[in-house]
Every structure is written in C-alpha cells, then in structure tokens.
Amino acid sequence: MNLHRKGRASLVLALVAVVGMAFRVSWNALRDIAGAVGADDTAAMLYPFVVDGLMALALIATLVLADRDRTFALRVLGAYTVASLVLNYVHGLVPELHGRTVDWGRLADWDPANWALVLLATSLPVGSIYFGSDLVAKVLHHRPAPIPAASTNAEESPETDTKRSTADLPVSTPAPIIPNAVALPRPVAVGFLKSTLPAKPVSSIAPVPVASIGRGAVAAESTRPRRATGRVPAVAKSSRPKRTPDQLLAEARQATADWPDAKVTGEGIRRAIHTSPANARSLRDTILAERAAAGAVAS
C-alpha cells in the first residue's frame, strides 16, 4: 500500500515538474506577444498566467466536475491550449518579436492574418475572466452523487422479508392439515410393541413382505369406535360467535384509534381483534383509506 501511494505521489510530482518547465518555455513567447499588442512590462509579465494559468484551472475542473460541466471544462481547456499553441507558433515565425523590434500591433504581414492574431491575443484576458469565473462557480456548487449502497441493501433484504407478517404478504398459504396418526398404524410402531427386549445380533435380516404388513394391520383392528379424521368439529373451531364485517370494522377502528399509520398492519389488526389474515388485510386497507381521506379534508 505504501509503495502504491509513493508511486502516485511521484507521478504527481513529475507532472508538476513537467508542467512548470513547459510554462517556463512558453513564458517568453506569450510575454513578447503581449508586448507586441500594446501591453506594458508588468502586463506582459502577467500575460502568461492569463493563458497557461487558465489551462491549469480548466484541467483541475475536469477532475472535479461531471456530465455537462465536465464537457464545458474540457472545451475551455482545448480552446486555450489551441490559442497558446498559435501564439507560440507566431512567436517562432516572427524573429522580430524576440528582440521586441516589431512594429506595434503587427504580428503578420498579411492584414487579415494580423487582425485575427491581434484579436486572439487581446481577447484571451477577457475570456479568462469569464471562463475562469464560470469554472470556479461550477466547482463550488458541484455536489458529488452519493454512492448507492448495493451491498448493504442486499444484506438487509432477507432480514426484512423474514420480519414481515403473514397478514401483510400478498397471499397467505394455509397450513396443511395432517391426518391423525391413529388412522393408519405404522409398521415400525407395531414391530416396536412386539418386543422391548434387546435383540441379539444376527447375520442377516430377511426383508418383510408388504402383503404380510397389510394383513397384520387389518388383524390388529381395534373394536373401539374411531374418531373422525380430517374434519374438525364445529364446536372445536371457535367459541366466539361469527361477526359481521361491520362489527369487525368497528372493533378494528376502536383497537387502532391511537395507533400511528406505520403501526396499522394486517398482522397487528389480526392479533388485536383475533380475525383471519384476509379480513385483517381488508380492515387495514379500509382504515388507512379512511385516515387518508380525513387528512385530505382537514388540509
């Protein structure tokens, strides 16, 4: 990890050194161009900061901004890079600029080219004020997008699903009815009742035919009357009288009168008034709709 950080720091330092040397090389050309278009000595010394300095500012802005703002910063960087290249090229073509013996305001022999070059050199300071202020404002008002916590949501989703009540699920599956075990005795239980003494180890055990097990089960039929299996007597189902939908709604309203909306769930209503999951979900939807309507009227 330390080697990785040292490598990145060395790369940044090398980049700063290269940019500094390139700025020093371009310094003379931009200073002489500024003097040729009418700048005094102080303005000519500051002129390279106008062009190359804004290039550095636009480069930093491209690392911070995103989307359209980043595209704008790249365009500013490209435009001022091309402008600096043109001015350095003109400085190399006109030897008189090196000794500052060129006529004032004359950067080329052909008039249209001279007018274009003078316009370019004189417009760069104004452009630096405008584009530099705009880039700084965009950087100061930039808000990085939050990183979505996908792993956290993936870990929390199973736990949330397990905590959901059965009344809140879209479909509640009833528990399967298991028949009474007395209706059909198991062969293993019959064999266990025959002898409780420990058996001696034998070399092999002969397989028991299925037909003999069936005959044994029929022969051991009890004379006592069997209970009805698969059906629950009506008396054992519930001692509470059957309630109408209006009665259930009235009880649910009374039980949830002081509950907040977040607590009004199908499972909570089911436990409060002891009703089925389907009725609890219907009552939950009705109560929440009544509360929403009451809130709309109050507002």
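**Stop 1: the main core**

Start by selecting Tyr47 and Leu107 in this predicted model. These two have the most contacts inside the largest nonpolar core, a set of 28 residues. To see where the core comes from, colour helix H1 (2-36), H2, helix H3 (67-93) and helix H4 (111-140): each of them supplies at least two residues. As general background, nonpolar side chains in soluble globular proteins tend to be buried together.

Now keep Leu107 and show what surrounds it. Which residues does Leu107 touch, if you skip those up to four places away in sequence? The list runs Ile33, Ala36, Val37, Val90, Val94, Leu97, Asn114, Leu117 and Val118. Put those up as sticks and you have the surroundings of Leu107 in one view.

Apart from this core lies another one, made of 9 residues. Select Leu248, Leu249, Trp259 and Ile273, which are among its members. We'll come back to that stretch of numbering later.

**Stop 2: Ala61 on helix H2**

Go to helix H2, residues 41-64, and pick Ala61, which sits in that helix. Is Ala61 buried or exposed? It is buried, because its relative accessibility is 2%, and the cut-off for buried is under 20%.

Next, show its contacts. Leaving out neighbours within four places in sequence, Ala61 is in contact with Ala73, Leu135 and Val139. If you like a distance label, draw one from the C-alpha of Ala61 to the C-alpha of Gly132: it should read 10.0 Å. Along the chain, Ala61 and Gly132 are 71 residues apart.

**Stop 3: a nonpolar patch**

Stay on helix H2 and select Leu57. Add Val136 and Leu140, then switch on the surface: together the three form a nonpolar patch with about 250 Å² of accessible area. Leu57 itself has 32% relative accessibility, so it counts as partly exposed. On one helix, then, you have seen Leu57 partly exposed and Ala61 buried.

**Stop 4: the rings**

Time for aromatics. How many aromatic pairs does a search of the whole structure find? There are 2.

For one of them, select Phe72 and Phe131. Their rings form a tilted pair, 6.1 Å centre to centre with 50° between the planes. Phe72 lies in helix H3 and Phe131 in helix H4, so this pair ties together parts that are 59 residues apart in sequence. Phe72 is partly exposed at 23% relative accessible area, and Phe131 is also partly exposed, at 27%.

Then add Tyr130. Tyr130 and Phe131 make an edge-to-face pair, with centres 5.1 Å apart and planes at 75°. Tyr130 counts as exposed, with a relative accessibility of 54%. With both pairs on screen you have a cluster of Phe72, Tyr130 and Phe131 linked by ring pairs.

**Stop 5: salt bridges**

The structure holds 8 salt bridges. In general, side chains of opposite charge can pair when their charged atoms come close.

Begin with Arg253 and Glu290, whose closest N and O atoms are 2.5 Å apart. This one links distant parts of the chain: Arg253 belongs to helix H9 (residues 245-255) and Glu290 to helix H11 (residues 277-298), 37 residues apart. Both ends are partly exposed, Arg253 at 41% relative accessibility and Glu290 at 31%.

Now move to helix H10, residues 266-273, and select Glu267. Which partners does it have here? One is Arg270, with the closest N and O atoms 2.6 Å apart. Another is Arg271, with 2.8 Å from N to O. Arg270 is 3 residues from Glu267 in helix H10, about one helical turn, and Arg271 is 4 residues from Glu267, again about one helical turn.

Compare how these side chains are covered. Glu267 is buried at 9% relative accessible area, Arg270 is partly exposed at 25% relative accessibility, and Arg271 is exposed at 59%.

For a last selection, take Asp69, Asp134 and Lys138: salt bridges that share partners join them into one network.

How values were computed: Residues numbered from 1 in each chain as written. Predicted model: local features only at pLDDT ≥ 70, side-chain atom pairs only at ≥ 80, totals over all residues. Heavy atoms only, no water. Salt bridge = Lys/Arg side-chain N within 4 Å of Asp/Glu carboxyl O. Buried < 20%, exposed > 50% of the residue type's maximum accessible area, 1.4 Å probe, protein only. Patch = residues over 30% accessible without salt bridge, like charges linked within 9 Å, V, L, I, M, F, W, Y side chains within 5 Å. Areas by Shrake-Rupley, 256 points an atom, 1.4 Å probe, with all protein chains shown as cover. Core = buried A, V, L, I, M, F, W, Y, C linked by side-chain atoms within 4.5 Å. Contact = heavy atoms within 4.5 Å. Phe/Tyr/Trp six-rings, centres within 6.5 Å; stacked < 30°, edge-to-face > 60°.
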